[in-house]
Amino acid sequence: MANVTVKAQFMLSTGELVSMSSTLAEGTASELQTSTTYSTAATSIGQFANGKTITSIVQPPTAPNGIAYAYLERRGAIVCVIPVAVDGVQDSPCAMPAMIQLQAGDTIQVMANTSADREFGYSVITNRGVHAIFAGTPSGAGNTDLTHILSGQSIGQSLTGQTVVRHFATSVDGSKLSTGGVLCLNDRGLPVGGCSGTKPATLQPKLNAVGGYAVNLNFVARVTTSS
């Protein structure tokens with residue numbers, strides 16, 4: 001694994017554009033800070049834009065090899081999931097998934113990976129406005145149940161009683177994904193919803209509202225791979 005440059009550009013409610021760029025270690029969730037090309041020092045997004053709101057994503061957090069997820073973090077919690085991309089494979093700009101007034105201490109966290117890293121990242125938004133990310137790394141043929149990146153809980157433990165209304169998923173596995181992505185299974189092991197896994201090196205993942213589902217306690221988010 002290497003240290004790579006991760007970049008992003010965000011529009012603020014004031015009409016300002018914030019350019020962000022940091023050298024991050026692949027395989028470790030790390031903070032993306034403001035670019036020193038356009039600011040006097042690399043700072044956290046909350047410190048740089050305290051009291052302002054990110055309204056649009058001009059360029060999502062973008063890494064050169066692989067990327068699983070990104071999010072706006074506040075006091076150790078996920079307050080907004082953020083779409084991600086690989087260098088040179090970007091879609092049109094989009095709105096920020098949630099209009100969050102920034103506070104000092106807020107950070108943008110990014111998981112950049114190698115091109116061969118099989119980590120499956122699953123970002124969701126619920127009907128209660130809760131944002132969560134689940135991840136797991138398949139190692140061969142079989143099932144991988146995704147867990148919350150911060151708490152380690154299953155999707156049922158983390159989001160019980162809520163409904164997933166928007167989501168996106170990232171994976172490099174492509175044809176190895178036996179169900180094309182992730183399925184949410186109920187307490188009887190039957191699928192109730194799911195999301196396709198997008199390979200960021202081929203297509204930029206974006207939030208969608210297809211395949212949403214209600215979550216109960218013993219539900220799991222499962223990825224099945226053929227090898």
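Let us start at one residue: Ala49 is buried, with a relative accessible area of 0%. Here buried means under 20% relative accessible area, exposed means over 50%, and partly exposed lies in between (1.4 Å probe, protein chains only). Before we go on, a word on the model: it is predicted, so local features need pLDDT of at least 70 and side-chain atom pairs count only at pLDDT 80 or more, while totals for chains, interfaces and linings use all residues. Residues are numbered from 1 along each chain as its sequence is written, and side-chain values use heavy atoms, with hydrogens and water left out.

Where does Ala49 lie? Look in the loop between helix H1 (45–48) and strand S4 (54–63). Helices (H or I, at least four residues) and strands (E, at least two) are DSSP runs, numbered from the N terminus. Leaving aside neighbours within four places in sequence, Ala49 is in contact with Leu12 and Leu102; contact means heavy atoms within 4.5 Å. For a sense of scale, go from Ala49 to Leu159, which is 110 residues away along the chain: their C-alpha atoms are separated by 30 Å.

Now for the nonpolar cores. In soluble globular proteins, nonpolar side chains tend to be buried together. A nonpolar core is a set of buried Ala, Val, Leu, Ile, Met, Phe, Trp, Tyr and Cys residues joined through side-chain atoms within 4.5 Å. The largest one in this model has 39 residues, and those with the most contacts inside it are Val6, Phe10, Ile45, Ile108 and Val110. Two or more residues each come from S1, strand S2 (17–25), S4, S5, S6, S9 and strand S11 (131–136). Which element gives the largest share? That is S5, with six residues. Phe10 is a good residue to click on: beyond its neighbours within four places in sequence, its contacts include Leu17, Met20, Ile54, Pro61, Ile82 and Ile108. There is also a second, separate core of 19 residues, which includes Val124, Leu146, Phe219 and Ala221.

Next, follow the strands. Two strands pair if DSSP finds at least two bridges between them. One open sheet of four strands has the order S3-S9-S5-S6, with antiparallel pairing. Its edge strands are strand S3 (30–32) and strand S6 (77–82), each pairing on one side only. On average, neighbouring strands of this sheet are turned by 40° against each other, direction ignored. Such axes are lines fitted to C-alpha atoms, for helices over the stretch in contact, and angles run from 0 to 180 degrees between N-to-C directions.

Within this sheet, strand S5 (residues 66–74) runs antiparallel to S6, and five bridges join the two. Tyr71 stands opposite Val81 in S6. Tyr71 also takes part in the one aromatic pair that a search of the whole structure finds. Its partner is Tyr69, and the pair is tilted, at 6.5 Å centre to centre and 35° between the planes. Rings of Phe, Tyr and Trp (its six-membered ring) pair if their centres lie within 6.5 Å; planes under 30 degrees apart count as stacked, over 60 as edge-to-face and the rest as tilted. Both Tyr69 and Tyr71 are buried.

Further along the chain, look for strand S18 (residues 220–225). Strand S12 (residues 142–145) pairs with S18 in the antiparallel sense over four bridges, and Gly142 has Thr225 as its bridge partner there. Strand S15 (residues 177–185) also pairs with S18 in the antiparallel sense, over five bridges. Here Leu183 has Arg222 as its bridge partner.

Arg222 leads us to the charged pairs. A salt bridge is a side-chain nitrogen of Lys or Arg within 4 Å of a carboxyl oxygen of Asp or Glu, and the structure holds five of them. In one, Arg222 meets Asp145, the closest N and O atoms being 2.7 Å apart. This pair links strand S18 with strand S12 across 77 residues. Arg222 counts as partly exposed at 25% relative accessibility, and Asp145 does at 35%.

In another, Asp173 and Arg118 meet at 2.8 Å, N to O. Are these residues buried or exposed? Asp173 is buried, and so is Arg118.

Finally, Asp87 forms a salt bridge with Lys7, with the closest N and O atoms 3.4 Å apart. Asp87 lies in the loop between strand S7 (85–86) and strand S8 (94–95) and Lys7 in strand S1 (residues 3–12), so the pair ties together parts that are 80 residues apart in sequence.
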